[in-house]
Amino acid sequence: MTDQSYQPADHYDRVTQAWRLLLGAELHYGVFADPAEPLDDATRRLTQLMIDGARFEPGNRVLDVGCGTGAQARHNAQAFGVDVVGITTSGVGVDLARELTAGEGFTEHVTFEQRDGTDNEFPDASFDRVWILESSHLMRERERLVSEAVRVLRPGGRLVWCDLVRHRTIPFLELRDRREDFATLRTAFGDARMEPLASYQGWFEDAGLVVEQAEDLTDATLPTFQAWRDNAALHHDEAVEALGLDALRAFERSADILEGLWRDGTFGYGLIAASKPART
Ligand SMILES: C[S@@+](CC[C@H](N)C(=O)[O-])C[C@H]1O[C@@H](n2cnc3c(N)ncnc32)[C@H](O)[C@@H]1O
């Protein structure tokens with residue numbers, strides 16, 4: 001028998017809401033000026049760094065690669081008068097992003113499509129800005145993400161990217177010894193692969209961009225994990241109801257594991273702002 005009341009969007013909405021309780025209003029890492037400041041202030045600071053790098057101009061056409069539920073797409077359209085196309089491989093994500101955007105009355109300037117960032121199929125030079133916030137670690141073909149993003153950017157346009165990065169190669173034996181930790185991270189956040197900030201910089205430059213800013217935000221993002229643990233304790237019952245106890249435990253354990261990997265110099269966080277030279 002099927003449950004007639006079950007609606008995928010409702011389910012996703014509930015799960016997304018639970019993630020918001022854990023990760024804050026914006027579903028990404030925070031950049032802390034002070035470890036004690038609220039997580040929402042810190043996640044807004046990360047978004048602001050991306051906005052500073054993007055230097056939006058009214059009327060810009062923006063591609064948001066890995067747009068989640070469209071929070072930044074809506075914010076950027078409203079705050080800067082830009083038109084945003086958000087893409088994600090998640091069909092459920094597209095439905096929810098459209099639903100939320102219709103609810104806020106932005107459908108004229110913000111649209112969402114189910115497309116792959118590593119093969120986006122948009123025409124060459126069809127966007128003024130490309131925005132890639134914390135989605136690249138989920139894409140295996142990193143260089144294709146970069147070449148596609150740069151291909152669709154018009155000469156004179158700007159690209160901003162931020163994500164988790166890897167500071168060192170993890171030897172095979174260490175990977176084997178820590179396989180349970182890495183399995184826990186996969187359960188909580190999906191199949192991720194981190195690459196060094198310098199590799200991203202090199203890929204963007206090889207694809208023809210001028211990298212103007214390549215910033216290591218590892219220290220500034222470290223307090224994110226304590227903030228996540230605090231939220232997990234504060235919203236324990238609601239999170240268990242939406243996600244289940246096992247998922248909440250995996251999330252809490254992941255915060256500990258990631259904090260350890262940040263502290264021992266394995267993983268961290270980086271941001272890049274770059275421009276595509278105008279044709280002369
Ligand atoms: C961690 S979320 C980040 C969402 C959003 N940028 C934010 O910060 O709130 C990662 C997003 O990347 C999307 N994604 C994963 N692989 C993708 C791919 N190959 N192409 C496009 N989007 C992808 C996921 O569906 C999800 O929307």
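Start by selecting helix H2, residues 39-54, and colour its buried residues: Leu39, Ala42, Thr43, Leu46, Thr47, Met50, Ile51, Gly53 and Ala54. Keep in mind as you click around that this is a predicted model.

Now look along H2 from end to end. Its 16 residues reach 23 Å from the first C-alpha to the last, close to the 22 Å expected at 1.5 Å a residue. Step just past the end of the helix and you land on Arg55, whose phi is positive, near 45°.

**Next stop: Thr224**

Go back to Leu39 in H2 and show what is around it: Thr224 touches Leu39. Thr224 sits in helix H10, residues 224-234. Is Thr224 buried or exposed? It's buried, because its relative accessible area is 0%, and the cut-off for buried is under 20%.

Which other residues does Thr224 touch, leaving out those up to four places away in sequence? Select Tyr29, Gly30 and Phe32 to see them. Zoom in on Gly30: its backbone nitrogen lies 3.2 Å from a polar atom of the Thr224 side chain.

**Then: strand S7**

Select residues 267-275, which make up strand S7. How many of its 9 residues are buried? The count is 9 of the 9, so S7 is largely enclosed by the rest of the structure.

Try two colours here. Give one to Phe267, Tyr269, Leu271, Ala273 and Ser275, which point one way from S7. Give the other to Gly268, Gly270, Ile272 and Ala274, which point the other way. Why the alternating pattern? In a regular strand, side chains alternate between the two faces of the sheet.

Now bring in the partners of S7. Strand S5 (residues 153-166) pairs with S7 in the antiparallel sense, over 9 bridges. To find a matching spot, select Arg166, which stands opposite Phe267 in S7. Strand S6 (residues 210-216) also runs antiparallel to S7, joined to it by 6 bridges. Here, pick Ala214 and look across to Ile272 in S7.

**Last stop: H11 and H12**

Finish with two helices, H11 (residues 236-243) and H12 (residues 245-263). Their axes come within 7 Å and cross at roughly 120°. That angle makes H11 oblique to H12.

Where do they meet? Show the side chains of His236, Ala239, Val240 and Leu243 in H11, then add Leu245, Ala247 and Leu248 in H12, the residues they meet.

Technical notes
Residues numbered from 1 in each chain as written. Predicted model: local features only at pLDDT ≥ 70, side-chain atom pairs only at ≥ 80, totals over all residues. Heavy atoms only, no water. Helix = DSSP H or I, 4+ residues; strand = E, 2+ residues; numbered from the N terminus. Expected span 1.5 Å × (residues − 1). Buried < 20%, exposed > 50% of the residue type's maximum accessible area, 1.4 Å probe, protein only. Polar contact = N/O pair within 3.5 Å; in protein donor to acceptor, adjacent residues only side chain to side chain. Contact = heavy atoms within 4.5 Å. Pairing = 2+ DSSP bridges. Axes fitted to C-alpha atoms, helices over the stretch in contact; angles between N-to-C directions. Parallel < 35°, antiparallel > 145°, perpendicular 65-115°, else oblique.
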